[in-house]
Amino acid sequence: MENNLKQICNSKNLLHTKVVMDLNITQETISSYETGRVFPSSDILIKLANYYNTSIDYLLCCTKYNMPINDIKPNNISDDDLYC
């Protein structure tokens with residue numbers, strides 16, 4: 001996970017200070033995720049994926065494709081069906 005999380009943060013030119021403020025986490029926490037010392041909970045994974053507009057699969061290095069969430073969702077599924 002650490003490679004894709006760090007890469008996506010850099011590609012969007014985001015500073016850690018902005019990310020930690022927006023997600024209400026600490027600098028140490030985001031650094032721990034990026035280095036692989038700590039693995040985020042499922043709630044945090046969802047927040048990170050939404051924040052970076054990518055899939056959890058990408059953050060977990062299960063795919064090499066960093067696609068916006070709307071490009072992943074099939075056309076025949078409504079937002080109400082997709083999200084809890």
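**Group meeting: a walk through an all-helix model**

Let's start with one residue: Ser55 counts as buried, at 15% relative accessibility. Buried here means under 20% relative accessible area, exposed means over 50%, and partly exposed is in between, with a 1.4 Å probe and protein chains only. Ser55 sits in the loop between α4 and α5, and α5 covers residues 56–59. Its side chain reaches the backbone nitrogen of Tyr58 at 3.0 Å. That's a polar contact, meaning a pair of N or O atoms within 3.5 Å; within protein, one must be able to donate a hydrogen and the other to accept it, and residues adjacent in sequence count only if both atoms are side-chain atoms.

Quick housekeeping. This is a predicted model, where local features need pLDDT of at least 70 and side-chain atom pairs count only at pLDDT 80 or more, while totals for chains, interfaces and linings use all residues. Residues are numbered from 1 along each chain as its sequence is written, and side-chain values use heavy atoms, with hydrogens and water left out.

Now the big picture. The chain has seven helices and zero strands, so to speak in DSSP terms: helices are runs of H or I with at least four residues, strands are runs of E with at least two, and both are numbered from the N terminus. Of the chain's 84 residues, 31% count as buried. The accessible surface comes to about 5700 Å², and 51% of that belongs to carbon and sulfur atoms; these areas come from the Shrake-Rupley method with a 1.4 Å probe, and for residues, only the protein chains shown count as cover. What about contacts, meaning heavy atoms within 4.5 Å? Among those with a separation of 6 or more, 45% are between residues 24 or more positions apart.

On to the helices. In α3, residues 27–35, the buried ones are Ile30, Ser31, Ser32, Tyr33 and Glu34. After α3 comes Gly36, with a positive phi near 85°.

Which residues of helix α4 are buried? In α4, which spans 42–52, they are Ile44, Leu45, Leu48, Ala49 and Tyr52. These residues cover an arc of only 135° around the axis, so they are on the same side of α4. The arc is taken from the directions from the helix axis to the C-beta atoms. Asn50 is in α4 too, but Asn50 is partly exposed, at 47% relative accessibility. Asn50 and Pro68 are 18 residues apart in sequence, and their C-alphas are 9.2 Å apart in space. Right after α4 you meet Asn53, whose phi is positive, near 55°.

How many aromatic pairs does a search of the whole structure find? One. The ring centres of Tyr51 and Tyr52 are 5.2 Å apart and their planes are at 80°, so this pair is edge-to-face. The rule: rings of Phe, Tyr and Trp (its six-membered ring) pair if their centres lie within 6.5 Å; planes under 30 degrees apart are stacked, over 60 edge-to-face, and the rest tilted. Tyr52 is buried at 1%, whereas Tyr51 is partly exposed at 24%.

Last stop, the cysteines. A disulfide is a covalent bond between the sulfur atoms of two cysteines, and here the test is a pair of cysteine sulfur atoms within 2.5 Å. By that rule we count zero disulfides. Why is Cys61 not bonded to Cys62? Because the sulfur of Cys61 is 7.5 Å from its closest cysteine sulfur, in Cys62, and that's too far for a bond. As for accessibility, Cys61 is partly exposed at 38%, and Cys62 is exposed at 58%.

Technical notes:
Contact means heavy atoms within 4.5 Å.
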